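Biologist: I am new to this structure and would like a close look at one part of it. Please take the salt bridges, and set them against the rest of the chain.

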Amino acid sequence: MDNSNSISWPELELDNLRAIKVLGKGAMGTVFLVYHKSNDPTARSPFALKVLDKSSLPLKPHADRRARWEISVLNRLQQPNHHQFLPYLLGVSDTDRYLCWATNYCPGGDLNQLRYRQFDRVFSPTVIRFYLAEIVCAIEKLHSMGLVYRDLKPENILIQHSGHVTLTDFDLSRFLPSKKVETLLFNSDSEIEKPKPHGRTNYLKRFVNLKNKNNGKGLKKARSARVSPVSRRNPNFTNERSNSFVGTEEYVAPEIIRGDGHEFAVDWWALGVLCYELLYGTTPFRGNNRKETFRRILMMEPEFIGKPNALTDLIKKLLAKDPTRRLGYLRGASEIKEHEFFKGLSWDLLTEVLRPPFLPSRDETEELTKGGMEIDEYFQKLKAPPSPLWSPSIDEGRRSVSLTEF
């Protein structure tokens, strides 16, 4: 992992910031909507500020490391690497009490919140096509930089003022060498991450039976609660892929569960799961518990309703269990862009679309001018941890957590 201390970034004047409200709270700290008192006294251009309270670090031993990693990744995404569908690092402040970093504010919330506001909580194929195209472009940019995202899900796709998307939360990402397929498959001499051996038994052996117990009878009905994400280091893989067990359970690729090691194709698997969820309102392999979810990911095929079409074909090809057969494995985003579902799409003109499917409401603009308070005041005022901005996925428990050592 890069040493974030060697990277320079814009300095953030924490004393000049006023917090308007809490946008969310998680393992990585509290996210505030803030504005600059001197440069923007009427809060016309607020931005998001993620704050890690260092006094809580003894309870979160990995939080500081993950936070600094995310900052270093965001810094890499600046010019000349900045992309319209990726976040922009506005500044960083590292004091005795807080580690803070600011990014552009997306008032439209996340894609899962937007889905819950739709009729039947699903999107039409036309809307899915638009959002998927922008997400593909964002992932393509990350992969071109050697960065595998590893946490694609609706909660991490934010809607900008313009209605276009922005990916967020890069603390689970990592850089991998951009190698040819032959190297990824057969070169076991060099390695991106040398795992430390330990006596832990294989994670899956505790509860995943590789034999399909349902004998093709289809998925059992799953309860509505989401399962929570996990991460783990697997000691058995030693070549040019990452061997970390990381991600959100319903979105984890089979090769991660098997401990085979993984590379960029895990993001295309997650894209298939995302597409399925946007179409049907549920993920394709969700079980009643972690064991059942993982078994379904490994053994079962996604179920579709109605006649096969270009969209279901795209999902099937993205959800190939074998990563070497997965759409996007050989030529990356180019393969996906050539799929029939995107036929006729002008990829170069996506950023020029002035009327995306949904535009955020501007109703809250007036509320932003009503004062606010200092960051310290917020932490003093809130005796209990603040609740996150309501999100169906957050409330149902689907969060990203990593215990992985980079």
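Modeller: What follows starts with the whole chain, goes on to the cores and a buried acidic residue, and ends with the salt bridges.

This is a predicted model, in which local features need pLDDT of at least 70 and side-chain atom pairs count only at pLDDT 80 or more, while totals for chains, interfaces and linings use all residues. Residues are numbered from 1 along each chain as its sequence is written, and side-chain values use heavy atoms, with hydrogens and water left out.

The protein chain has eleven helices and eleven strands; these are DSSP runs numbered from the N terminus, helices being H or I with at least four residues and strands E with at least two. Of its 406 residues, 55% count as buried. Buried means under 20% relative accessible area, exposed over 50%, and partly exposed in between, with a 1.4 Å probe and protein chains only. Among contacts (heavy atoms within 4.5 Å) with a separation of 6 or more, 73% are between residues 24 or more positions apart.

The largest nonpolar core holds 76 residues. Such a core is a set of buried Ala, Val, Leu, Ile, Met, Phe, Trp, Tyr and Cys residues joined through side-chain atoms within 4.5 Å. Helix α3 (residues 125-144) gives the largest share of this core, twelve residues. Another core, of 16 residues, lies apart from it and includes Leu 17, Phe 32, Leu 49 and Tyr 378. Leu 152 is one of the residues with the most contacts inside the largest core. Leaving aside residues up to four places away in sequence, Leu 152 touches residues including Ile 135, Ile 139, Leu 167 and Leu 271.

Asp 151 sits in the loop between β6 (147-148) and β7. Asp 151 is buried but has no salt bridge, and the nearest side chain of opposite charge, Lys 153, is 4.1 Å away. A salt bridge needs a side-chain nitrogen of Lys or Arg within 4 Å of a carboxyl oxygen of Asp or Glu. For charge, Lys and Arg count as positive and Asp and Glu as negative, with His and the chain ends not counted. The side chain of Asp 151 does make a polar contact of 3.3 Å with that of Thr 248. A polar contact is a pair of N or O atoms within 3.5 Å; within protein, one must be able to donate a hydrogen and the other to accept it, and residues adjacent in sequence count only if both atoms are side-chain atoms.

Now to the salt bridges themselves. Side chains of opposite charge can pair when their charged atoms come close. By the rule above, the count is 19 salt bridges. One of them joins Asp 64 and Arg 68, with the closest N and O atoms 3.0 Å apart. Asp 64 and Arg 68 are separated by about one helical turn because they are four residues apart in helix α1 (residues 63-76). Arg 68 counts as buried because its relative accessibility is 16%.

Glu 292 and Arg 296 form another, at 2.7 Å between the closest N and O atoms. Both lie in helix α7 (residues 290-299), four residues apart, and both are buried.

In helix α8 (residues 310-318), Asp 313 and Lys 317 are also four residues apart, and their side chains meet in a salt bridge of 3.2 Å, N to O. Asp 313 is partly exposed, at 29% relative accessible area, and Lys 317 is partly exposed at 39%. Finally, a network of salt bridges links Arg 18, Lys 37, Glu 374 and Glu 377.
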